[in-house]
Every structure is written in C-alpha cells, then in structure tokens.
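This report is an introduction for a reader who meets the structure for the first time. It takes up the cores, the contact between the chains, and the pockets and cavities in turn.

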Amino acid sequence: MRTLLLVVALALACSRLVVGLITPEHFQFAEVVHLDDDGDPGGWQAVCILATMRNGNTGQDMICDFQVELPLRTREQGIITQELARTAAATAANKTAYQLLSQLEAGEMLGMICQRFRPMMQAWLGTAIRGARVMKCDQKKGVPTVRFDEPTLYYP
Amino acid sequence: MSELDRDGFLRIASTFYAAGMLEGEAYREAPETKRFMDAWERTLSKHENWKKMVKRIKSELPPGMGAGDTTGPGAMAAQRCCVYLEPPAGPRPGEPFPVIVALASVLVPYYHLYQLKVSIGTGDYVSGPPRPRPREGMEGRIADLVAKHIEQETGYKEFPSEYESIVVPGICVRNLLPGQATLLDALFDDARDNIP
C-alpha cells in the first residue's frame with residue numbers, strides 16, 4: 001500500500017518543494033456508531049490526526065489537526081474495510097498537503113492552511129469513499145488522536 | 001419547548017458554534033464546542049432508539065428499498081437516516097434513483113427532510129443539489145412515512161422551510177467560513193449532498 005503513496009513522496013512544482021508522507025498506519029479509525037447487520041449503508045468511524053508541517057526555509061512548525069470521519073458501509077461500495085479506509089485517507093491527505101503547500105506563497109499565513117486543508121481533503125476522500133467528512137478534531141469520546149510527527153517539509 | 005421563531009433559531013445556533021475561525025485547543029475548549037459535543041453525548045446515549053426507528057421504517061418499505069442509520073456524530077448536527085428508493089430489480093449503472101434523507105437535529109426539536117438523486121457505478125454518485133421534501137408520488141409517500149416515524153419517536157416538528165437559508169452571522173460551522181452558514185447548515189448539516 002505504501003507504494004500508492006509514493007505519488008506524492010517527493011514533488012517539485014512551481015519551484016516549491018514538498019517532502020514527507022503520512023501513511024495508512026496513522027489512520028487508526030475507531031468505531032463511533034455501530035453498523036447494523038442488515039446490508040444497508042450506515043455505521044461511523046473516526047480518527048483525529050495532529051500533523052506537523054514545517055517551513056523548510058525558516059524551520060517554523062505548525063500543527064494542523066484534522067479529523068477523518070467515514071461510514072462503515074456505503075450504498076455503492078459496501079463494507080469499507082480498514083485497509084480501504086486507511087489507504088484512501090492517507091492518499092487524500094498527501095494529495096491535499098502537496099496541492100496546498102506546493103502553491104504556498106512566501107509569507108502566507110500558515111493558520112489558513114488548516115482551514116483550506118480540511119474541505120479540500122474531504123473532496124478528495126469523497127471520491128474514494130462516499131459520505132466522507134474531514135473536520136477539526138473535536139475530542140469526541142472514543143476517537144483516537146494520532147500524531148504525525150515526521151513533519152511535512154515545504155519550501156515556499 | 002414552545003415553537004421557535006427566526007430569532008430563537010439564530011440565538012440557539014450561536015450557542016453551539018463559536019464566532020471566528022478558532023483552531024486547535026482554542027476550538028476544542030470553546031464553550032460553544034463543548035455544548036455542541038455535550039448535545040451529541042446526550043443524543044448518543046439514546047441512539048439505539050433512532051436505530052430501532054430506522055428498522056421500523058425499513059420494515060414498511062416496498063421490496064427492494066433500503067434504509068440505513070447513517071448518523072455521523074459531530075460531523076453534522078443531526079441524527080441521519082437515508083432511505084434508498086431503488087427499483088425492485090436493483091439499480092442499473094448510471095441510472096439515478098432517489099434517496100430520501102432525514103435529519104433530526106441534536107440542537108433543536110425539529111427535523112428536516114430532503115431528496116437527492118444518486119447513481120451507482122459512475123464517477124458522480126450524487127447528481128444535482130439537494131431538493132425539497134417530495135410531496136407527491138412514491139417519493140412523497142416514503143417521505144411521509146419517514147416523517148410520521150420521526151414525529152412519533154421524537155415528538156419533533158418539521159423545520160420551517162422559510163428559515164432554511166437564513167444566514168447565522170459570525171459563527172463558524174465546521175468547514176464553512178464565518179458568514180456562510182445558514183440555519184440549515186448549523187442546526188442540521190452543512191454538507192447535505194454528501195451521503196454514503
């Protein structure tokens with residue numbers, strides 16, 4: 001599965017370098033709403049990620065939190081396996097980080113990145129798993145928080 | 001609770017969402033966020049009743065149709081049920097069929113029904129924006145069935161359509177920026193075209 005993520009492992013675009021990957025193993029989803037055993041869409045799972053992004057020029061770090069929320073079964077795809085959930089989430093997160101950070105202008109407010117990150121990742125993830133949501137971490141009971149401490153480096 | 005008016009809905013929405021674009025601990029520790037999460041905790045403690053209601057709805061549907069509890073706690077502001085009005089022979093790839101979506105708010109004693117069209121096996125799952133609750137034909141009858149069960153189970157009333165698009169000033173609702181969220185976004189769901 002890791003090979004799928006290498007798409008964005010090292011990218012050079014618009015003269016801005018973005019390095020670093022979050023992996024499927026970071027997305028340790030926990031069940032929030034039980035899935036009924038009747039074949040219909042439903043159930044819910046979530047994980048909160050605290051991701052470090054570092055400006056490679058200044059060394060300035062920013063922690064961007066995002067909570068990935070997915071159904072356990074969809075009408076189109078049936079059961080969402082843990083493998084699919086984790087791989088799709090990691091792919092969407094890496095695509096989004098690359099897209100945002102590779103276009104970041106020098107001096108642009110880092111805080112804005114998180115707010116742009118979540119809806120963009122939700123759109124990417126929604127193409128792989130219908131009904132996906134990405135939002136701020138909210139300390140929902142039972143939802144694990146996972147740190148992604150190997151920072152995604154970017155050079156604006 | 002007596003019937004709410006425009007100002008009442010706006011006041012309640014502002015109680016559960018912080019003003020401005022808070023991040024991290026500032027967001028999680030805001031009194032509004034804590035109230036929102038507490039509302040969900042209370043709702044989840046009796047969520048089995050919602051699941052049983054969805055099963056009752058399903059038992060009254062014509063053959064081939066399905067209904068699921070698609071609630072995403074915290075990702076929206078309502079318990080959710082989707083009823084898939086598939087043709088008896090099953091959906092054909094690319095041929096849209098209706099889905100009736102029901103939202104029962106965890107913030108106010110009101111529910112909202114709407115309709116989407118989805119297609120299986122194509123790139124675009126949901127086609128077109130959410131449409132108002134159907135009142136006629138098979139879709140209308142299914143919507144009436146769902147409304148009847150929600151009213152019996154919760155005692156909620158249907159959210160007045162004239163309030164749906166009123167913007168709640170200042171607050172930040174999930175991924176929406178301040179000034180973007182309507183009462184429907186804040187009290188029910190801000191991504192109504194996004195279903196499983």
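## A residue and its contacts

Two residues are said to be in contact when they have heavy atoms within 4.5 Å. The model described here is predicted. Leaving aside neighbours within four places in sequence, B:Tyr17 is in contact with B:Glu32, B:Phe36, B:Ala77, B:Leu107, B:Ile171, B:Cys172, B:Val173, B:Arg174 and B:Ala186.

## The nonpolar cores

B:Tyr17 is also one of the residues with the most contacts inside the largest nonpolar core, a set of 43 residues. The others named for their contacts there are B:Phe9, B:Leu107, B:Phe159, B:Leu183, B:Leu187 and B:Ile195. In chain B, helix H1 (6–16), helix H3 (31–44) and helix H6 (183–187) each give two or more residues to this core, as do strand S2 (78–84), strand S3 (97–105) and strand S4 (110–118). The largest share, 5 residues, comes from H1(B).

Apart from this core lies another, of 34 residues, which includes A:Ala89, A:Ala92, A:Leu104 and A:Ala132. In soluble globular proteins, nonpolar side chains tend to be buried together.

## Chain A and its fold

Chain A has 3 helices and 8 strands, and from the N terminus on its elements follow the order α-β-β-β-β-β-β-α-α-β-β. Of the 156 residues in chain A, 56% are buried. When contacts in chain A between residues at least 6 apart in sequence are considered, 69% of them join residues at least 24 apart.

## Where the chains meet

How many residues of each chain are in contact with the other chain? On the side of chain A there are 35 residues, and on the side of chain B there are 43. The size of an interface is often given as the accessible area lost when the parts come together. For chain A and chain B this buried area is about 3200 Å², with 49% of it on carbon and sulfur atoms. Within the area that chain A buries against chain B, A:Arg75, A:Arg133 and A:Lys136 supply 22%, more than any other three residues.

## The two largest pockets

The largest pocket holds about 320 Å³ of space. Its lining has 15 residues, and those closest to its centre come from both chains, namely A:Gly126, A:Arg130, B:Val126, B:Asp193 and B:Asn194. Helix H3 (residues 111–128) of chain A gives the most to this lining, with 5 residues. By class, the lining of the largest pocket divides into 6 nonpolar, 6 polar and 3 charged residues.

The second largest pocket, with about 270 Å³ of space, is lined by 15 residues, and B:Thr43, B:Lys46, B:Gln79, B:Thr154 and B:Tyr156 lie nearest its centre. The elements of chain B that give two or more residues to this lining are H3, helix H4 (47–59) and helix H5 (137–154), and H3(B) gives the most, with 3 residues. The lining of this second largest pocket has 7 nonpolar, 5 polar and 3 charged residues.

## The cavities

The structure holds 5 cavities of 30 Å³ or more, and in the largest of them lies about 160 Å³ of space. The largest cavity is lined by 16 residues, of which B:Tyr17, B:Tyr27, B:Thr33, B:Cys172 and B:Arg174 lie nearest its centre. Both B:Cys172 and B:Arg174 have already appeared among the contacts of B:Tyr17.

H3(B) gives the largest share of the lining of the largest cavity, 3 residues. This lining has 10 nonpolar, 3 polar and 3 charged residues.

Note on methods
Residues numbered from 1 in each chain as written. Chains lettered and ligands numbered in written order. Predicted model: local features only at pLDDT ≥ 70, side-chain atom pairs only at ≥ 80, totals over all residues. Heavy atoms only, no water. Core = buried A, V, L, I, M, F, W, Y, C linked by side-chain atoms within 4.5 Å. Buried < 20%, exposed > 50% of the residue type's maximum accessible area, 1.4 Å probe, protein only. Helix = DSSP H or I, 4+ residues; strand = E, 2+ residues; numbered from the N terminus. 1 Å grid on protein atoms, 1.4 Å probe; cavity = no way out; pocket = protein on both sides within 12 Å on 5 of 7 lines; lining within 4 Å. Points joined across faces, edges and corners; volume = space filled by probe spheres on them. Nonpolar A, V, L, I, M, F, W, Y, C, P; charged D, E, K, R; others polar. Buried area = accessible area lost by both parts, 1.4 Å probe.
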